[in-house]
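The following account leads through a protein model and its bound ligand, sheet by sheet. Please keep the sequence and the structure in view while reading.

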Amino acid sequence: MTDYCASHELLTLPQALAVVRHVVEPIMEEEDCSCGRALGRVLRRPFTAPVDLPLFDQAAMDGYALRRSDITSEPPYRLRVVGTVRAGQVWKTPLQPGECVRIFTGAALPESADSVVMQEHVERDGEDIVLANATRSYDHIRRAGEDIARGADLFRMPKLLRAIDVSLLAASGVERVPVTRQLRIACMTTGDELAVPGRPLPPGKIYDSNRPLLRGLLTQPAYRVTDLGNVGDDRERLREVLRKATGDHDVIVTTGGASHGDYDLMPPLLAELGEIYFWQIAVKPGKPLLFGRIGKTYVFALPGNPLAVMVAMHHIVIPALRRLCDLPIEPPLQLAATSLDRLKKSPGRLEFQQGVLSWQDDGYIVRSAGGQGSHQLGSASRANAYIVLPAECRGIAPGETVIVEPFCAFETV
Ligand code: AMP
Ligand code: MG
């Protein structure tokens with residue numbers, strides 16, 4: 001085996017992630033973004049709440065706004081309804097003793113009112129309401145600033161903005177936010193055997209399924225992806241494309257040609273053009289993963305088999321992209337599930353098998369999604385979770401508990 005790295009040992013996944021954490025430096029440049037386009041973007045600088053939330057004291061229920069001092073003696077209590085205020089309106093005159101105002105959820109609390117009684121707890125008697133007892137809660141009020149006080153930090157930084165976060169920005173009246181600029185990612189496939197769907201398929205060729213896989217996994221608002229197509233297995237051409245792409249991309253992701261066969265050009269090219277941080281990890285599928293750098297551009301050369309690509313993307317590349325956005329690299333969500341199937345596994349590498357996770361009676365169960373070859377897209381397409389088998393595992397018997405990672409945990413926004 002040609003050696004392009006100092007170490008002969010295969011890195012474990014945690015070791016590989018430690019290298020990623022160590023060498024990848026977060027991008028500092030920001031750009032101004034309208035909140036309408038901020039979903040999935042990353043906020044890095046503390047963002048101060050410009051207003052109290054709620055903005056003012058308001059009714060939390062449909063009912064009557066009153067003065068607590070009017071209901072301190074013995075029940076029943078009779079109060080005069082002097083008007084109505086609904087959401088969006090303001091009741092201008094302060095309440096006088098013995099008065100109340102019909103109020104609806106979200107309406108500003110009238111001046112000098114300090115309680116709201118639910119309409120269900122009140123009897124209406126002409127112009128009056130009658131409260132039968134004083135033991136009910138009279139405090140259906142949302143206090144100004146009880147959720148977020150003006151001047152407080154709106155988010156814990158750094159923050160990947162989800163729908164609810166953009167909603168919070170809108171609730172605060174914010175229209176534009178400074179976000180980390182989009183990561184510029186170039187992706188390409190290598191392999192002379194690849195053809196494009198929709199065109200005739202020459203004998204012996206296969207369709208390029210990694211390009212849509214990469215593009216699909218990288219379709220995120222925080223990324224701007226350039227698809228450089230299939231570059232083939234020509235060393236000169238690959239060198240040229242890589243060189244060019246380094247100029248204006250933060251990251252290059254390639255598939256194929258990352259192993260040590262005669263046509264595996266990525267390891268020698270990366271060694272020639274830049275530096276290699278690691279090559280080959282103790283993970284199945286996805287062992288021949290190469291991570292390095294050309295100039296300022298990080299390069300991930302993934303193996304060619306589609307499921308190796310998916311595993312490497314989920315467990316190494318996307319964590320690295322998160323690091324570039326200054327987001328923490330965290331282990332994916334894992335659950336325990338009972339395996340209904342016998343699962344074959346030889347000891348040596350951490351293995352991600354394709355599983356179908358579901359709920360039965362009182363717990364999660366998982367079945368194998370089918371053949372586990374790293375080319376078996378059919379199994380992967382049926383799967384909704386990885387079954388994670390530790391390196392030393394020698395197989396699983398039906399009924400044993402296994403760790404699973406639901407695919408939904410990899411969806412970032
Ligand atoms: P390689 O890592 O280049 O040796 O490729 C390993 C296997 O993955 C071979 O069977 C390739 O034909 C296949 N492969 C490589 N690239 C792609 C691709 N873009 N789409 C589908 N299969 C691929
Ligand atoms: Mg190849």
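**Two sheets and a ligand site**

Ala-65 stands opposite Val-116 in strand 7, where strands are DSSP runs of E with at least two residues, helices are runs of H or I with at least four residues, and both are numbered from the N terminus. This is a predicted model, in which local features need pLDDT of at least 70, side-chain atom pairs count only at pLDDT 80 or more, and totals for chains, interfaces and linings use all residues. Residues are numbered from 1 along each chain as its sequence is written, chains are lettered from A and ligands numbered from 1 in the order in which they are written, and side-chain values use heavy atoms, with hydrogens and water left out.

Strand 4, residues 63-66, pairs with strand 7 in the antiparallel sense over 4 bridges; two strands pair if DSSP finds at least two bridges between them. Another position in this pairing is Gly-63, which stands opposite Met-118 in strand 7. Strand 4 also runs antiparallel to strand 6 (residues 99-103), to which 3 bridges join it. There, Ala-65 stands opposite Val-101. Ala-65 thus faces Val-116 in strand 7 and Val-101 in strand 6.

These strands belong to an open sheet of 6 strands with mixed pairing and the order 7-4-6-5-9-8. Strand 7 (115-118) and strand 8 (123-125) stand at its edges; each has a single partner strand, so one side of each is left without a neighbour in the sheet. Direction ignored, neighbouring strands of this sheet are turned by 40 degrees against each other on average; axes are lines fitted to C-alpha atoms, for helices over the stretch in contact, and angles run from 0 to 180 degrees between N-to-C directions.

A further open sheet of 6 strands, again with mixed pairing, has the order 16-13-17-21-20-18. Its edges are strand 16 (223-230) and strand 18 (275-279), each with a single partner strand, so one side of each is left without a neighbour in the sheet. The average turn between neighbouring strands here is 20 degrees, direction ignored.

Within this sheet, strand 21 deserves attention. Strand 20 (residues 290-294) pairs with strand 21 (residues 297-302) in the antiparallel sense over 5 bridges, and Arg-293 has Tyr-298 as its bridge partner in strand 21. The hairpin of the two strands has 2 residues between them, and Gly-295 takes a positive phi near 60 degrees in it. Strand 17 pairs with strand 21 in the parallel sense, also over 5 bridges. Ala-301 of strand 21 stands opposite Thr-254 and also opposite Leu-290.

How many residues of strand 21 are buried? The count is 6 of its 6 residues, buried meaning under 20% relative accessible area, exposed over 50%, and partly exposed in between, with a 1.4 Å probe and protein chains only. Thr-297, Val-299 and Ala-301 are buried on one side of the strand, and Tyr-298, Phe-300 and Leu-302 on the other, so that both faces are covered.

Two helices are associated with these strands. Helix 5 (residues 266-273) lies across strand 17 (251-255), strand 18, strand 20 and strand 21, at about 30 degrees to strand 20. Helix 6 (residues 306-324) packs on the sheet and touches strand 13 (183-189), strand 16, strand 17, strand 18 and strand 21, its direction making about 170 degrees with that of strand 21; contact means heavy atoms within 4.5 Å.

Helix 5 is mostly covered, with 6 of its 8 residues buried. The buried residues are Met-266, Pro-267, Pro-268, Leu-269, Leu-270 and Leu-273. Their cover includes helix 4 (235-247), strand 17, strand 18, strand 20 and strand 21.

Gly-257 lies in the loop between strand 17 and helix 5 and is buried, with a relative accessible area of 13%. Not counting residues up to four places away in sequence, Gly-257 touches Thr-190, Tyr-263, Asp-264, Leu-265, Met-266 and Pro-267.

Gly-257 is also among the closest of the 15 residues that surround ligand 1, together with Glu-193, Asp-208, Ser-209 and Gly-304; a residue counts as near if one of its heavy atoms lies within 4 Å. A polar side-chain atom of Glu-193 lies 2.6 Å from an oxygen atom of ligand 1, a polar contact being a pair of N or O atoms within 3.5 Å. A backbone N or O atom of Gly-304 lies 3.0 Å from an oxygen atom of the ligand, and a polar backbone atom of Asn-305 is 3.3 Å from a ligand oxygen atom. The protein covers 74% of the 480 Å² of accessible area that ligand 1 has on its own, areas coming from the Shrake-Rupley method with a 1.4 Å probe.

Methods:
A polar contact is a pair of N or O atoms within 3.5 Å; within protein, one must be able to donate a hydrogen and the other to accept it, and residues adjacent in sequence count only if both atoms are side-chain atoms.
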